[in-house]
Amino acid sequence: MAKLAGVSTSTVSRVLAHSRGVRADSKRKVEAAAAQLGYHHNAVARALRTRRSNTIGMLVPQISNPFFPALVEAIERRLQRENLELLLCGSQGDTEIEARRLNTLVERQVDGIIISPCDYRASEPAVRNALDRIRLIQVDRRVEGVVTDWVGVSDEAGFAQVVDHLVKLGRRKLVFVSSELTNYSAHTRLDAFTAALHKHGLSSALPPMLGSFEVEWGKAAAELLLPHLSDVDGIVCGNDAIALGMLRGLRAASVRVPGDVAVTGFDGISFAEISDPPLTTVHQRWETMADECVRVLLDPADHGPRNIAIMPILQVRESTVGS
Ligand code: RIB
């Protein structure tokens, strides 16, 4: 690139690092060479100064899960205030589809990408490849080993609030029902639940039950739990979809919630308010998440990767405090 630009290699690196005191014509030559070579250094592609399409791409693991539409709508509304459009893709929890969608978004010349990667490890190559070509931040989930700006809630704080709440109600025999450990959220939530129990000198009443962030898994887990309910007085679910399925499965077996066993969720989706009984959950504050995502995405300064963990809010309802 230095040869093509007709400058020294040290000038190239100072331009890419946005160092001060670089002559304007040298900066112009390096950026022209970078564009000609299709070289998108993190620093060069980092800011959205070159707004080519006024569009931001967003990629989520499961459009059908109510948490993601809530987050997507919040981000779309926030982008509109900046005269930016949103182009949404779903990866259907499949890393090959995810890689194809990422490539499509880059080729469609979006100005930046917001992604919640579907797999903690297997999503890494595609995220790394996109990061070398375009401004990219991770929201909610992230991949191990790729350091970017990240915005999400503190799962640790969220599950600490849930366990504190149940312990205050006298519940001591807690079990964790969540997704298998293929994604970031599943990992951090199991760790957070375990740490919260230890803080109270407790251990899990049964081994964690790990399936998927789906209603169907909640119903199946309810059936699996029935023979063990004498050992359990609180069921902590990794998200609201699982908890709603759990409530359905327990009701089908005439198990009283919370009389026989309390149930909690995580996300704060609207259905949690109208379930029977209404679900105690943790709200992920996606409006705040959206504000922070767009603020970070549009910030041209190169602060280096930032972790922005938002404090979630416990929403107490009848699935823990009812009769
Ligand atoms: O409900 C889907 C889950 O996956 C949410 O809790 C969200 O945090 C995502 O990680």
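**Exercise 1. Work out whether Lys-29 is buried, partly exposed or exposed, and then describe its salt bridge.**

Solution. Lys-29 has a relative accessibility of 39% and therefore counts as partly exposed, given that buried means under 20% relative accessible area, exposed over 50%, and partly exposed in between (1.4 Å probe, protein chains only). This is a predicted model, in which local features need pLDDT of at least 70 and side-chain atom pairs count only at pLDDT 80 or more, while totals for chains, interfaces and linings use all residues. Residues are numbered from 1 along each chain as its sequence is written, and side-chain values use heavy atoms, with hydrogens and water left out. Next, Lys-29 forms a salt bridge (a side-chain nitrogen of Lys or Arg within 4 Å of a carboxyl oxygen of Asp or Glu) with Asp-25, their closest N and O atoms being 4.0 Å apart. Asp-25 is partly exposed as well, at 23%.

**Exercise 2. Find the salt-bridge partner of Lys-199 and state which helices the pair connects.**

Solution. The partner is Asp-164, with closest N and O atoms 3.0 Å apart. Because Lys-199 lies in helix H9 (residues 184–199) and Asp-164 in helix H8 (residues 155–168), the pair ties together parts 35 residues apart in sequence; helices here are DSSP runs (H or I, at least four residues), numbered from the N terminus. Lys-199 is exposed, at 55%.

**Exercise 3. Describe the salt bridge between Lys-219 and Glu-216.**

Solution. The closest N and O atoms of Lys-219 and Glu-216 are 3.3 Å apart. Both residues belong to helix H10 (residues 215–225), where they stand three residues, or about one helical turn, apart. Lys-219 is partly exposed at 29%, whereas Glu-216 is exposed at 52%.

Key:
Helices (H or I, at least four residues) and strands (E, at least two) are DSSP runs, numbered from the N terminus.
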